[in-house]
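Grab a pencil and let's work through a few short exercises together. Each one comes with a worked solution.

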Amino acid sequence: MSETVKEMFGRIAPTYDLANRVLSARRDVAWRRAALRLLQAPPGDVLDLACGTFDLALEAIASGHALRVHGCDFSLPMLKAGTAKRSATAISAAAGDALHLPYASGAFDAAMVAYGWRNFGDPAGSLAELARVLKPRGEILILEFFRPVRLWPKVFYGTFGRVMMPLVGGLVSGDRAAYTYLNASITTFVSIDEAEALLRGAGFGQLRRHACFGGVSHALAATKEA
Ligand SMILES: C[S@@+](CC[C@H](N)C(=O)[O-])C[C@H]1O[C@@H](n2cnc3c(N)ncnc32)[C@H](O)[C@@H]1O
């Protein structure tokens, strides 16, 4: 499963940013910005797991929520596609898997994941690994498309997600299967309430959430309790 996902992101890496902008009508930029506002601690060393082409990392630096961002992703083509964007910034990059992060315990003041958690295959295991690399009282921020449970998000994913995502994503990237996977990975993932329960189970408290576009996407932040 993880090798298939890795290969898929490798294939769509060159057109990834363009497909995001087209499919979301540029709303993805505002959603990352809104998510970062859930962070409460002063800026420090921040992990951007599943950083892709560094859009969240760049926004975190620009908005003053991070002094330094350490981007990590298991897809080298995705990291490469974002290289020019992060040059001359305080953003570093490393190849690594979400379930075995290449960092020491307690290395980060905050850790964030935008649209990556769904792909890790082990939601609880990846949270445990994120908790490990956070300092005590460190913050976690997750921006994700959770399984829809309310009417509007269900209608959105049952129509736009099922039909337009594969069609438009396929046209932009030349890889319709990748954008069919995108909708399937959303409608089979955990709901926002289940995500909060997983965060509590991993030792996080002080949960904060923000709904984007009426709940089509959500940002979740929490603080490591011990
Ligand atoms: C939808 S993209 C999100 C990229 C970026 N965070 C953004 O906001 O645009 C998901 C990213 O997760 C990465 N990814 C998926 N599974 C991973 C894993 N197990 N370990 C590390 N990265 C992973 C993919 O390579 C891809 O770059």
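Keep in mind that this is a predicted model.

**Exercise 1.** Work out whether C72 is buried or exposed.

*Solution.* Start with the cut-off: buried means under 20% relative accessible area. Now look up C72, which has a relative accessible area of 0%. C72 is therefore buried.

**Exercise 2.** Do the same for C51: is it buried or exposed?

*Solution.* The relative accessible area of C51 is 7%. With the cut-off at under 20%, C51 goes down as buried too.

**Exercise 3.** Find out why C51 is not bonded to C72.

*Solution.* First, recall that a disulfide is a covalent bond between the sulfur atoms of two cysteines. Next, the cut-off: the two sulfur atoms must be within 2.5 Å. The cysteine sulfur closest to that of C51 belongs to C72, and it is 6.8 Å away, so that's too far for a bond. Seen from the other end, C72 is in no disulfide either. The final count is 0 disulfides.

**Exercise 4.** Describe what surrounds the ligand.

*Solution.* Begin with the place: the ligand takes up the space of the largest pocket. Then count the neighbours: 18 residues surround it, and the closest are Y16, A50, D73, A98 and A114. Sort that shell by type and you get 10 nonpolar, 5 polar and 3 charged residues.

**Exercise 5.** Which distances link R32, D73 and A98 to the ligand?

*Solution.* Take the ligand's oxygen atoms to begin with. A side-chain N or O atom of R32 is 3.0 Å from one, and a polar side-chain atom of D73 is 2.6 Å from one. Then turn to nitrogen: a backbone N or O atom of A98 lies 2.9 Å from a nitrogen atom of the ligand. Last step, the cover: alone, the ligand exposes 590 Å², and the protein buries 98% of that.

Terms used. Residues are numbered from 1 along each chain as its sequence is written. This is a predicted model: local features need pLDDT of at least 70, side-chain atom pairs count only at pLDDT 80 or more; totals for chains, interfaces and linings use all residues. Side-chain values use heavy atoms; hydrogens and water are left out. A residue is near a molecule or strand if one of its heavy atoms lies within 4 Å of it. A polar contact is a pair of N or O atoms within 3.5 Å; within protein, one must be able to donate a hydrogen and the other to accept it, and residues adjacent in sequence count only if both atoms are side-chain atoms. Accessible areas come from the Shrake-Rupley method with a 1.4 Å probe; for residues, only the protein chains shown count as cover. On a 1 Å grid over the protein atoms alone, a cavity is a set of points where a 1.4 Å probe fits but cannot get out, and a pocket is an open set with protein on both sides within 12 Å along at least five of seven lines; lining residues have an atom within 4 Å of a point. A molecule sits in a cavity or pocket if more than half of its atoms lie within 2 Å of its grid points. Ala, Val, Leu, Ile, Met, Phe, Trp, Tyr, Cys and Pro count as nonpolar, Asp, Glu, Lys and Arg as charged, and the others, Gly among them, as polar. Buried means under 20% relative accessible area, exposed over 50%, partly exposed in between (1.4 Å probe, protein chains only).
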